[in-house]
Amino acid sequence: MLMSSRHGALSTAMHAHYRAFSTATRRHTVMHAWVIDKYGDNSVLRFTKNASFPIIDYPNEVIVKVHAAGLNPIDINMRGGYGAATLKMKRDPLNIKRTDSEFPLILGRDVSGVIMECGLDVSYFKPGDEVWAAVPPWKQGSLAEFVVLSANEVSHKPKSLSHVEAACMPYVASTAWSVLVNTGGLNKDNCAKKRILILGGSGGVGTFAIQLLKSWGAHVTVTCSQNAEHLVRGIGADDVVDYTARPVEKTLKSLENFDLILDSIGGETESWALSLLKPWCGAKYVTLVTPFLRNTDQLGLADGMMRSGVTIATKALKHLTKGVHYRWGFFAPSGSALDEICELVDAGKIRPVLQEQFAFPRVPRAFQKVEGGHARGKTVVTVARVQGE
């Protein structure tokens, strides 16, 4: 029902001759934003009052006035150029734009704000609606006054959350949903009593995944440092293993085997983690740490995709012979997934984990905070001042 209500009929032929699919009459040309003009460290961040105002190019798009923007580790990686080759191809698949067309680039993958303008094919939203969304990495981000998105990527904001609180969730929620539901095959109907292990559970994806899985009735085990134990237990983790106290794999091997492992750490964990799964029961290991973008950055798009394909196929086959499934997990934008998450948030089953918020002029400080690692919640930037927040 949610999906079908997102698609309105395209307006009649009288609109076909117009290039701009905008329904608003007021026109903007520039806006305030934080941009980068090249890849590098924090020094490449630049504030401008003359960033290009987003334009509705397709009838299913909306322009959102940004009230709050959340930062994620991917923003740090993108600032340094990680994934540039793949993301550039995604932005301009036919290579019809000028070289380095991604610059000036606006970062920021979480947004909570208000619909300002709708394309003609948008019936699920109207100007003035409060919304939240995860901005795909190949689109201009949310560290700006306005951002343009597909209506299918946007969802009505939970009524129980402020814009700052809402900006904590969309990117990690969409990533966790993609990994657990699309890749892991879990849902509210089949999750009861399943044993799930989250390696690195105190980060953004981990803290959201704990709450989602607990709302579906799963038993959740988490690895984290001792100073994060209170946080993860407070949001529902059943068992917590401190990786700083002893070799974590030995402790985990003393526990009952798992139906699914979500790995947000990578590295050496692959060498022992899959042995913790229940064999020949459809159990899955899903890692968020993949070499896909690194391969395309180093080898080019075609060779990088080929190398990645060989790697995933080899590992999947190797572990399939042992009775377990090996998978890579990726972010996927989905307004309909955020619709379902919104219901869980407003029902009190999932709450935001906010660590610190920064004013818009202090974006470089916010990046430093995220870059420091060991997050115990999300870092959020307030872009538009809202009374009462």
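**Exercise 1.** In this predicted model, decide whether Ser 308 is buried or exposed, and describe its surroundings.

*Solution.* Ser 308 has a relative accessible area of 2%, and because buried means under 20%, this residue counts as buried. The next step is to place Ser 308 in the fold, where it belongs to helix 11, which covers residues 301–320. Finally, when residues up to four places away in sequence are not counted, Ser 308 touches Pro 291, Phe 292, Asn 295 and Trp 328.

**Exercise 2.** Work out how helix 5 and helix 12 are oriented where they pack, and which residues make the contact.

*Solution.* Helix 5 (residues 170–183) packs with helix 12 (residues 335–346) at an angle of about 105 degrees, and their axes are 10 Å apart. Since angles of 65 to 115 degrees count as roughly perpendicular, helix 5 is roughly perpendicular to helix 12. From helix 5 the contact draws on Pro 170, Ala 173, Ser 174 and Trp 177, while helix 12 contributes Ala 337, Leu 338, Glu 340 and Ile 341. Sorted by character, the residues of this contact comprise six nonpolar, one polar and one charged.

**Exercise 3.** Identify which element gives the most to the largest nonpolar core, and place Val 381 within that core.

*Solution.* The largest nonpolar core has 51 residues, and Val 381 is among those with the most contacts inside it, as are Val 62 and Phe 367. Several elements each supply at least two residues, including strand 1 (30–36), helix 2 (73–79) and helix 13 (363–371), but strand 3 gives the most, with six residues. Leaving aside neighbours within four places in sequence, the contacts of Val 381 include Leu 71, Leu 143, Phe 358 and Ala 366.

How values were computed:
Residues are numbered from 1 along each chain as its sequence is written. This is a predicted model: local features need pLDDT of at least 70, side-chain atom pairs count only at pLDDT 80 or more; totals for chains, interfaces and linings use all residues. Side-chain values use heavy atoms; hydrogens and water are left out. Helices (H or I, at least four residues) and strands (E, at least two) are DSSP runs, numbered from the N terminus. Buried means under 20% relative accessible area, exposed over 50%, partly exposed in between (1.4 Å probe, protein chains only). Contact means heavy atoms within 4.5 Å. Axes are lines fitted to C-alpha atoms, for helices over the stretch in contact, and angles run from 0 to 180 degrees between N-to-C directions. Angles under 35 degrees count as roughly parallel, over 145 as roughly antiparallel, 65 to 115 as roughly perpendicular and the rest as oblique. Ala, Val, Leu, Ile, Met, Phe, Trp, Tyr, Cys and Pro count as nonpolar, Asp, Glu, Lys and Arg as charged, and the others, Gly among them, as polar. A nonpolar core is a set of buried Ala, Val, Leu, Ile, Met, Phe, Trp, Tyr and Cys residues joined through side-chain atoms within 4.5 Å.
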